[in-house]
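Here are my notes on the model, set out as numbered points. They can be read alongside the coordinates.

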Amino acid sequence: MVGLLASTATPGSVTSVAVAFRNLHLHVAEGVVMEVRHIEGAMLSTRSGRPPVFDDQNSFTLRIDSGEIAMTPASLARLLNDHVFSYEGSPLRNLELSIEDGHLKQKGTLRKGLPVPFTIIADLSTTPDGRIKVHPI
């Protein structure tokens with residue numbers, strides 16, 4: 001569900017529109033789905049004097065004020081393998097992720113001269129600046 005809430009300017013000079021998204025599945029890439037449980041924010045126009053157009057992704061940027069998103073371990077593994085660590089010389093390969101006893105379990109291969117298989121169990125949290133922190137236990 002998408003809700004356009006209100007503009008922040010008078011008609012004809014709209015440069016941002018408040019938005020709320022609920023219960024969306026965004027297909028980020030092949031095999032990678034991000035579940036948007038809820039997001040509140042604004043669509044900010046990228047074109048001076050023109051309103052953002054929802055059907056034209058180049059006409060706006062999305063400012064997120066608050067929200068909650070989720071991703072399955074399979075989607076996260078696909079994102080990491082196919083996009084984040086898919087460059088030449090990447091130190092990580094063949095990542096598999098799962099949730100076990102409330103912790104993130106990550107298996108893969110670390111390349112430090114020779115390939116070294118690894119398994120790590122960690123807790124996830126966020127930092128005050130919005131980054132994801134992976135803390136091995």
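1. This is a predicted model. Strands β5 and β6 pair in the antiparallel sense, and seven bridges join them. Within this pairing, Ile99 stands opposite Leu104 in β6.

2. The connection between β5 and β6 is a hairpin with two residues between the strands. Asp101, in the turn, has a positive phi of about 50°.

3. The next pairing along is that of β6 (residues 103-112) with β7 (residues 114-126). These strands also run antiparallel, with nine bridges between them. Gly108 stands opposite Phe118 in β7.

4. Both pairings belong to an open sheet of four strands, in the order β5-β6-β7-β8, with antiparallel pairing. The edges are taken by β5 (92-100) and β8 (132-136); each has a single partner strand, so one side of each is left without a neighbour in the sheet. Direction ignored, neighbouring strands of this sheet are turned by 35° against each other on average.

5. Which residues form the nonpolar patch on the surface? The patch consists of Leu124, Ile132 and Val134, and together they have about 310 Å² of accessible area. Leu124 is placed in strand β7, while the range given for the edge strand β8, 132-136, takes in Ile132 and Val134.

6. The largest pocket holds about 780 Å³ of space. It is lined by 25 residues, and the closest to its centre are Ile69, Met71, Leu76, Leu124 and Ile132. Leu124 and Ile132 thus appear both in this central group and in the nonpolar surface patch.

7. Which elements supply at least two residues each to the lining of the largest pocket? They are β3 (32-45), β4 (60-70), α1 (73-84), β5, β6, β7 and β8. The four strands of the open sheet, β5-β6-β7-β8, are therefore among the contributors to the lining. The largest share, six residues, comes from β4.

8. Salt bridges, taken as a side-chain nitrogen of Lys or Arg within 4 Å of a carboxyl oxygen of Asp or Glu, come to a count of eight. One of them joins Glu40 to Arg22, with the closest N and O atoms 2.4 Å apart. This pair links distant parts of the chain: Glu40 lies in strand β3 and Arg22 in strand β2 (residues 16-29), 18 residues apart. Strand β3 is also one of the elements that line the largest pocket.

Methods:
Residues are numbered from 1 along each chain as its sequence is written. This is a predicted model: local features need pLDDT of at least 70, side-chain atom pairs count only at pLDDT 80 or more; totals for chains, interfaces and linings use all residues. Side-chain values use heavy atoms; hydrogens and water are left out. Two strands pair if DSSP finds at least two bridges between them. Axes are lines fitted to C-alpha atoms, for helices over the stretch in contact, and angles run from 0 to 180 degrees between N-to-C directions. Patches are made of residues with over 30% relative accessible area and no salt bridge: like charges are joined within 9 Å, nonpolar side chains (Val, Leu, Ile, Met, Phe, Trp, Tyr) within 5 Å. Accessible areas come from the Shrake-Rupley method with a 1.4 Å probe; for residues, only the protein chains shown count as cover. On a 1 Å grid over the protein atoms alone, a cavity is a set of points where a 1.4 Å probe fits but cannot get out, and a pocket is an open set with protein on both sides within 12 Å along at least five of seven lines; lining residues have an atom within 4 Å of a point. Grid points are joined across faces, edges and corners, and a volume is the space filled by probe spheres set on the points.
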